[in-house]
Amino acid sequence: MEVTDVEIRPVDTEQLRAMVTITLDNCFVVRDIKIIKGPARYFLSMPSKKLSHGTYKDIAHPIKNETRRMLEDRIIPEYEKDVE
């Protein structure tokens, strides 16, 4: 699996820094990934929906840690380049 496109939409709040849309293998799109500023680094928050009892559930998310790292390694540098 390869991230073939990254679209960054900066957001200026204290923790939420951007909304991201990615394309995987030029054939599958994932929208509304969030870039969050944590205490030590940026991290990704996957698309989610609010359930009727007030909690949130991810709509799409990586199953393996190495997949999450691959996405972060591809998306976060794009964000940092975009905001420079």
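**Exercise 1.** State the pattern that the protein follows when read along the sequence.

*Solution.* Read along the sequence, this predicted model follows β-β-β-β-β-β-α. Counting the elements gives six strands and one helix.

**Exercise 2.** Decide whether the radius of gyration of the protein agrees or disagrees with that of a compact globule.

*Solution.* Start from the chain length, which is 84 residues. The globule rule takes 2.2 Å times the number of residues to the power 0.38. For this length the expected radius is near 12 Å. The protein has 13 Å, so the value agrees with a compact globule. As for its extent, the C-alpha trace spans about 35 × 30 × 20 Å along the principal axes.

**Exercise 3.** Place E72 in the secondary structure, classify it as buried or exposed, and list its contacts beyond four places in sequence.

*Solution.* First, locate the residue: E72 lies in helix α1, which covers residues 65-83. Next, take its relative accessible area, which is 11%. Buried means under 20%, so E72 is buried at 11%. Of the 84 residues in the protein, 29% are buried. Last, set aside the neighbours of E72 within four places in sequence; the contacts that remain are R41, F43, L44 and P77.

**Exercise 4.** Describe the exposed surface and the placing of the charges.

*Solution.* The exposed area of the protein is about 6,000 Å². Carbon and sulfur atoms supply 48% of that area. For the charges, take the mean position of the 14 positive ones and that of the 15 negative ones; these two points are 7 Å apart.

Definitions and conventions:
Residues numbered from 1 in each chain as written. Predicted model: local features only at pLDDT ≥ 70, side-chain atom pairs only at ≥ 80, totals over all residues. Heavy atoms only, no water. Helix = DSSP H or I, 4+ residues; strand = E, 2+ residues; numbered from the N terminus. Buried < 20%, exposed > 50% of the residue type's maximum accessible area, 1.4 Å probe, protein only. Areas by Shrake-Rupley, 256 points an atom, 1.4 Å probe, with all protein chains shown as cover. Lys, Arg positive; Asp, Glu negative; His and termini not counted. Charge placed at Lys NZ, Arg CZ, Asp CG, Glu CD. Contact = heavy atoms within 4.5 Å.
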